[in-house]
Amino acid sequence: TVSVVLFTSDLRLHDHPPLRAAVDAADEVVPLFVRDPAVDRAGFAAPNRLAFLADCLADLDAGLRRRGGRLVVRAGDTAAEVCRAVRQSDADEVHMAADHSSFARAREERLRDALEADGRRLYVHDAVTTVVPPGDVVPQGSDHFAVFTPYFRRWSGVPLRSPLAAPRAVRVPDGLRSDEPPSRASVADVSEGLAEGGESAARRRLGAWLSRHADAYETGHDDLAGDTTSRLSPYLHFGALSATEAVHRARARGGPGAEAFVRQLCWRDFHRQMLAVRPAIATEDYRPRHDRWRRGAAAEADLRAWREGRTGYPVVDAALRQLAHEGWMHNRGRLLTASFLTKTLYLDWREGARHFLSLLVDGDLANNQLNWQWVAGTGADSRPNKVLNPVAQGRRYDPDGAYVRRWVPELAALPGASVHEPWRLKDRDRAAYDYPEPLVALAEGAARFRHGRGLE
Ligand code: FAD
C-alpha cells in the first residue's frame, strides 16, 4: 500500500502527525510538495519567503534522504498534482495538515472533491500548524475570542499531545518524477542578512535559545539591541518547527522566560482563531473606527519615507532598515513603526501591512494583519487610541542607542541616548550628519490622529 503526504505550511519531519499516520498506514509513502502558482497569485510569495522556502525544501529533502526516502516536488495546481501523484503511485489515501486561511480551506475542499471523484480519501490532521485548533476554545455565545487574556487562560489548560519523533525510515516508491525544487540562488532581491531556513536550523535555534536566552527573555524581550527573542517566527511560519513541540520544550525548561515565550506562542493561535472565522479582517477593520486616513501626494511622500527608513525619527528608521536588511524586525520595532505609521503619520494600516508582507520572512496573514489592526486601534486592542512616542520608545528600549547606531550608520558618531534626538544638536553640528529632519512634529501628528478619529 501507498500513502501520499502533502506538505504545505508544515515543512518538517519531527512532530508531524500526517507523516506519522502515512508511515503507519502504508508500506510506502510519497512525501509531496506542490509549488502552486495560485499561492504566489494570492500574495503569499515574496523574495525573502521564497528563498527561505527553498532552504526548507532542501533540508526536508535531505532529512528524508537520510531516512531512505526523498521529497517529490511538483509544480502546478495543487489538486491536479496531488491526484496525478496518487494515480502514478497507486496510492490509497492522502494525508495533510489542517490550515485555516480562506485560501487554505478552499484548496483543501478542492482537493477533497478531486480525490473523492477518484475514489481516494483525504485525511486532514488538526493541531499541526497551530497548538490548539481554531474553534476548539471559544467563549460562550461566540465563535471566537476577541480578548487575549481569557483566551490564554483557556488555551493554557488544553491537554497537548506529546510531540512525535521523526520517522526512522521513509520508503518512497521508485520511478516517481520530481520537478526541480526552487533554489535559494535563483531568487532575486533577497535581503542580505536573511536567516537560513529549514528544520535543522530551526531545531538548532530552539535548542540554543532555550539554553542561552530563555532566562533573559522575560525582562529582556523588549530590548531592541539585546536580541534575546528566539527569532523562531519564520520557522514557525513555514512549519519547519512545530509550535506544539516548542511549547512542550519550553514548559519542560521552565522559568519565567520560558513561560513568557509560551504566552507569545499563544498569540499566534489567538490570531489564527480570529482570522479563521472572520477571513474578511485580513483587509477590513475588525472594529471600524471611522478613520479618515490621510491620502494624496503628501501622504504618499510620507509613506515612501517611512518605507525607506527616512522619517527623521532614528529608532523608527533603524527598525525599518533592519526589516529591509534581514527580512525580519524585532517585535518592539514592529510595534513602534506601526504606531508611527498609523497614529503619527495617520496613514492606513493596510499600507504598512503590505510593506511588511513584501519583506518579512515570517510574513503571515493572520499575525501580520491582526497585529497591524491591534496597533492601529481597529483590532481587538483595549486601548485603541494609545500612541507610542518614538523618542520615549527609543530611550526606553534602546537606552544606550546601540540599536540605532547599528542600523542608521549616518548617526553612528552620536554617543549614548543622544542618538534618539539628533535635532537637539546645534545647527552647526547637525549639518555634519546626513540625516533627515523629522517628517512631522509629534504633537502635530497626535493632534491630526485625534481629529481624524473624531476624538476632539
Ligand atoms: P519571540 O518573542 O521569540 O516569540 C516566539 C514566537 O511567538 C514568535 O516566533 C511568534 O511565532 C509568536 N509571537 C510572538 N509575538 C507574537 C504576536 N504579537 N502575535 C503573534 N505571534 C507572536 N509575527 C509573525 O510571525 N508574522 C508576521 O507577519 C508578524 N507581523 C507583525 C506585524 C506587526 C505590526 C506586529 C506588531 C507584530 C507582528 N508579528 C508577526 C508578531 C511578532 O512581532 C513576531 O512574531 C516576533 O517579533 C517574531 O520574533 P521572535 O520569533 O523572536 O519572537
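Among the 28 residues around the ligand, those that come nearest are T229, S230, N331, N368 and N371. Two or more residues of the shell around the ligand are supplied by each of α9 (233-238), α11 (256-277), α14 (331-344) and α16 (365-376). The structure is a predicted model.

**Ligand shell**

- The largest share of the shell around the ligand comes from α11, which gives six residues.
- By residue class, the shell around the ligand consists of eleven nonpolar, twelve polar and five charged residues.
- The ligand lies between domain 2 (130-160 + 201-277) and domain 3 (297-452), because both of these domains give residues to the shell around the ligand.

**Helix α15**

- In helix α15 (residues 349-359), the buried residues are W349, G352, A353, F356 and L359.
- These buried residues are on the same side of α15, because the arc they cover around the axis is only 135 degrees.
- The packing partners of the buried residues of α15 are α3 (47-66), α13 (314-326), α14 and α16.
- Two of these partners, α14 and α16, are also among the elements that give two or more residues to the shell around the ligand.

**Residues 1-130**

- An unreviewed UniProt entry places the feature "domain: Photolyase/cryptochrome alpha/beta" at residues 1-130.
- Helix accounts for 48% of the span of residues 1-130 and strand for 22%.
- The end C-alpha atoms of residues 1-130 lie 30 Å apart.

Note on methods
Residues numbered from 1 in each chain as written. Predicted model: local features only at pLDDT ≥ 70, side-chain atom pairs only at ≥ 80, totals over all residues. Near = placed C-beta within 6 Å. Helix = DSSP H or I, 4+ residues; strand = E, 2+ residues; numbered from the N terminus. Nonpolar A, V, L, I, M, F, W, Y, C, P; charged D, E, K, R; others polar. Domains from an automatic or database assignment. UniProt positions renumbered as here; feature names shortened; annotations may be inferred. Buried ≥ 20, exposed ≤ 12 C-beta atoms within 10 Å, placed from the backbone. Arc of directions from axis to C-beta. Contact = placed C-beta atoms within 7 Å.
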